[in-house]
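Subject: Structure handover

Hello,

Here is the structure I promised you. Please open it alongside this email, and my notes follow below.

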Amino acid sequence: MSVRSQSSKPSESSEAPHRAGFACFVGRPNAGKSTLTNALVGQKVAITADQPQTTRHTVRGIVHREDAQLILVDTPGLHKPRTLLGERLNDVVRTTWAEVDVIGFCLPANEKLGPGDRFIAKELASIKKTPKIAIVTKTDLVDSKTLAEQLIAIDQLGKELGFEWAEIVPVSAVADKQVDLLADLIVPLLPEGPALYPEGDLTDEPEQVMIAELIREAALEGVRDELPHSIAVVVEEMLPREGRPADKPLLDIHAFVYIERPSQKGIIIGPKGQRLKQVGIKSRKQIEALLGTPVFLDLHVKVAKDWQRDPRQLRKLGF
């Protein structure tokens, strides 16, 4: 069993060749994959929320180091699909882990291993050549005894399925514990080669997609039950405001928040439009920080009936 803590950090050699490659984080919904991606990149590239299945497509975050460039692919949580959207998200996960150099399997420290974890581990066991690291997330939420039990259970899970974890690493992205160590352990498993992205790039995500995601993150806050899965956001237009002086630019962004049923419209908009206004205020601040320019954000709510199950609507919404 190979469990790492800070004291066993690998020694660095000035002779080491430069490495560059892809690692993906997989796991059940809400296992801490997006929070961990953001912590490693050092900046927000993936949205996070308390609701499961927040991530809906692969998000690439780029970690630049002197010895390596590590491209992290945050994937949607693998789950038992109930809709066509769910099936497509699972397809995205399986396609991704077939193409990366390292697979990081995220398992929360505060939840015992369940059928969902075993299902994913069984699928990973069939991928023979790719190194697999078990990443025990959310360690700030448990005591040392609970953590030790989880580490033993994860080691045992690999043995039961006939493979050995390259590493088992406990981390806390929120408390910034062992996040750098995780990068140190992934890097030696990457292929040798030059950087794949320019220095300074933190993601290859198109700006319009990132903006839509920031709006969706704000819209997800405080909603309950089935509504999170019914929300999709599309940025229709981004244009610099005409006639503005060069030193006072303003970017006009027009976006639609789509839901599946007319009854959901009132929940998103809120009494006298207050909820949608708050979504706009919160997401605009994040968008301005992302783009480095003042923004006028125009939000409208539209009904796209049962879009999660409709192939034509899914295409229109980018899935």
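Which residues does Ile154 touch, not counting residues up to four places away in sequence? They are Leu107, Leu113, Ala134, Val136, Trp165 and Ile168. Keep in mind that this is a predicted model.

**The protein as a whole**

The protein has 319 residues, and buried residues make up 50% of them. It holds 10 helices and nine strands. About 15,700 Å² of the protein is exposed. Carbon and sulfur atoms supply 51% of that area. Take the contacts with a separation of 6 or more: 72% of them join residues 24 or more positions apart.

**Helix H4**

Ile154 sits in helix H4. Its relative accessibility is 0%, so Ile154 counts as buried. Asp117 is 37 residues away from Ile154 along the chain, yet their C-alpha atoms are separated by 9.7 Å.

Now the helix itself. H4 covers residues 144-160, which is 17 residues. At 1.5 Å a residue, H4 should span 24 Å. The C-alpha atoms at its ends are 24 Å apart, so the span agrees with the expected value.

Which residues of H4 are buried? The list is Leu147, Gln150, Leu151, Ile154, Asp155, Leu157 and Gly158. They cover an arc of only 155 degrees around the axis, so they lie on the same side of H4. The other side of H4 carries exposed residues: Lys145, Ile152, Lys159 and Glu160.

What do the buried residues of H4 pack against? There are two strands here from earlier in the numbering of residues, S4 (102-108) and S5 (132-137). Helix H3 (115-125) and strand S6 (167-170) are also packed against.

Glu149 belongs to helix H4 too. Its relative accessible area is 40%, so Glu149 is partly exposed. Glu149 and Ala109 are 40 residues apart in sequence, and 9.3 Å apart from C-alpha to C-alpha.

After H4 comes Gly162, with a positive phi near 80 degrees.

**Helix H1**

Helix H1 (residues 33-41) is mostly covered. Seven of its nine residues are buried. These are Lys33, Ser34, Leu36, Thr37, Asn38, Leu40 and Val41. Gly42 follows H1, and its phi is positive, near 90 degrees.

**H6 against H9**

Two packed helices are described by the angle between their axes and the distance between the axes. For helix H6 (residues 207-220) and helix H9 (residues 274-291), the axes come within 8 Å. They cross at roughly 145 degrees. The crossing of H6 past H9 is right-handed.

Which residues make the contact?

- From H6: Glu207, Met210, Ile211, Leu214, Ile215, Glu217, Ala218 and Ala219.
- From H9: Arg275, Val279, Lys282, Ser283, Gln286, Ile287, Leu290 and Leu291.

Look at Val279 in helix H9. Is Val279 buried or exposed? Its relative accessibility is 4%, so Val279 counts as buried. Leaving aside its neighbours within four places in sequence, Val279 is in contact with Ile215, Ala218, Ala219 and Leu299. Val279 and Glu217 are 62 residues apart in sequence, and 8.8 Å apart in space, C-alpha to C-alpha.

**Two positive phi values outside glycine**

Gln178 has a positive phi, near 65 degrees, and is a residue other than glycine. Where is Gln178 found? It lies in the loop between S6 and helix H5 (179-186). At 11% relative accessibility, Gln178 counts as buried.

Lys272 is also a residue other than glycine with a positive phi, near 55 degrees. Lys272 is found in the loop between helix H8 (262-269) and H9. At 84% relative accessibility, Lys272 counts as exposed.

Best wishes

Definitions and conventions: Residues are numbered from 1 along each chain as its sequence is written. This is a predicted model: local features need pLDDT of at least 70, side-chain atom pairs count only at pLDDT 80 or more; totals for chains, interfaces and linings use all residues. Side-chain values use heavy atoms; hydrogens and water are left out. Helices (H or I, at least four residues) and strands (E, at least two) are DSSP runs, numbered from the N terminus. The expected span of a helix is 1.5 Å times one less than its number of residues. Buried means under 20% relative accessible area, exposed over 50%, partly exposed in between (1.4 Å probe, protein chains only). The arc is that of the directions from the helix axis to the C-beta atoms. Contact means heavy atoms within 4.5 Å. Accessible areas come from the Shrake-Rupley method with a 1.4 Å probe; for residues, only the protein chains shown count as cover. Axes are lines fitted to C-alpha atoms, for helices over the stretch in contact, and angles run from 0 to 180 degrees between N-to-C directions. A crossing is left-handed if the near helix is turned anticlockwise from the far one by less than a right angle, and right-handed if clockwise.
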